[in-house]
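Please look over the briefing below alongside the sequence and the 3D view.

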Amino acid sequence: METEPCCEERRDGVLDPTEPEVVERISEPADCDPLNKLPCGPPEQGEELCGKEPSEIENHAVESKDTEIKSVSNCEQEREQAECKVEKKLKKTNSWKMVRFQDPSTEEDVVERDSSAEILFPEYAVEEWTCAQFEELFMAEDWENITEDQLLRKKILESGDEQVPRSTWGQEVTVKMQGVLEDRTVVEKDCKLVFVIGEGDVIQALEECVMSMQKGEITLLVADSQYAYGLLGREPDIPAWAPLLYQLQLLDIRDKPDPETLPIADRIRIGNQKRERGNFHFQREEYSLAARAYYVALEVLTTHSQDGNDVGMKEEEEEVREYRVKCLNNLATAQLRLEQFNEALHTSRDVLTLQPNNVKALFRTGKLLSDKGEYKEAMEVLKQALKLEPTTKAIHAELSKLVKRQSGGKDTQQWRLKPAKGLSWKFILGALVVAFGSLVTSMIMTARN
């Protein structure tokens, strides 16, 4: 989950369909994996995955506010100084942007300035939010447990509409939220975050919490690291094993829209955002979560309508095809990391159905076929890849392995039971005789006693 300035029109975070794909060369050293694993590096990236947002908080803004405070009456001065202290505690850091799942151009009252230093819930600047130790919150009696292990807890600040059913798995929700570390550094913030529960768009803590909330409810949420970013944390702002504290408001609950009812442009935008999330998980070596995100992206990246016909212009269909190829290649790479070799072969063939001359898919398909012992087809596929990229060393190396396998060389994968060295059948028989004699002697002695 990545953060971006609240209520700010997202421009650099939106994918540019015209941006060229970062080509991954098969011949790179990182691509040389052992058998059963293809030389596939990180997922294809049509955009920069780990963009860092520079801090835009200017010092003169703080100075002008201090000057304003000095000019008011003593009573107002004390009140505003107190608010200023709370605001200063909530520091802003650079962080990876959050995947947004709504069109920024449709947001109302878009604020052009950076409002990251502002508090989203100024009327609820309670002690738990501003200065309480997280250990106290995990033990507090007026907080309720969301999970049985007591590592995910919340405190309701304002009740919601009890007439509206709570959200469930697979529904789409909109929340207003901000999250801080224990030193009150703001690490996540969004005044209109849209996500689908259960699709891994956000951390587990947020998914679990919104299912316990009523529409309109405002709550404090404290989450142990295992429900947040765990062992790896999130560079550059969330350390490993860091618990988080959130202020949340559930703004809306609705059913997830059918992708086939959406305009093609929205399908491309949402599909690529899901793929971004998959790339995020892949880089963290969370391959199961990455594969799930790629599957969801492929469901959205389609030109079919509800009646089974294709919708959209020829240019849009080509764009959808390009993004499906990227997503399928990324999915196949994740499946290889999970040692799902048959699934990876099937996915690679799906790529070749869309792009018969995709070199990465040809190489991956040929290698998997070779590992399965289907040498004839593997040879044809690898020769086709070599024809397209004759200077790629990895293809030459795999063809050499394939020739050795066909000729019964040392590279042939043979699953044979290797006999233990240094143990003869005579030695084993003698050991059994000694053991049997000891057993008989023991039984005789027992009988005599």
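**Briefing: salt bridges, cores and empty space**

At 30% relative accessibility, Arg321 counts as partly exposed (buried is under 20% relative accessible area, exposed over 50%, partly exposed in between, with a 1.4 Å probe and protein chains only). This is a predicted model, in which local features need pLDDT of at least 70 and side-chain atom pairs count only at pLDDT 80 or more, while totals for chains, interfaces and linings use all residues. Residues are numbered from 1 along each chain as its sequence is written, and side-chain values use heavy atoms, with hydrogens and water left out.

**Salt bridges**

- Arg321 forms a salt bridge (a side-chain nitrogen of Lys or Arg within 4 Å of a carboxyl oxygen of Asp or Glu) with Glu318, and their closest N and O atoms are 2.5 Å apart.
- Glu318 and Arg321 are 3 residues apart in helix α8, separated by about one helical turn; helices (H or I, at least four residues) and strands (E, at least two) are DSSP runs, numbered from the N terminus.
- Glu318 is also partly exposed, at 34% relative accessibility.
- One network of salt bridges with shared partners joins Glu172, Lys215, Asp252 and Arg254.
- Asp201 pairs with Lys274 in a salt bridge, with the closest N and O atoms 2.9 Å apart.
- Asp201 lies in the loop between β5 (185-196) and α5, and Lys274 in helix α6, 73 residues apart.
- Asp201 is buried at 2% relative accessibility, and Lys274 is buried at 5%.
- In total, the structure holds 18 salt bridges.

**Nonpolar cores**

- The largest nonpolar core (a set of buried Ala, Val, Leu, Ile, Met, Phe, Trp, Tyr and Cys residues joined through side-chain atoms within 4.5 Å) has 33 residues.
- Phe282, Tyr294, Ile395 and Leu399 have the most contacts inside this core.
- Elements giving two or more residues to this core include α7 and α12 (393-406).
- Apart from this core lies another of 29 residues, among them Val187, Ala228, Leu248 and Phe280.

**Cavities**

- There are 4 cavities of 30 Å³ or more; a cavity is a set of points on a 1 Å grid over the protein atoms alone where a 1.4 Å probe fits but cannot get out, and its lining residues have an atom within 4 Å of a point.
- The largest cavity holds about 120 Å³ of space, where a volume is the space filled by probe spheres set on the points, and grid points are joined across faces, edges and corners.
- Its lining has 12 residues, with Glu172, Val196, Lys256, Ile270 and Lys274 nearest the centre.

Note on methods: 1 Å grid on protein atoms, 1.4 Å probe; cavity = no way out; pocket = protein on both sides within 12 Å on 5 of 7 lines; lining within 4 Å.
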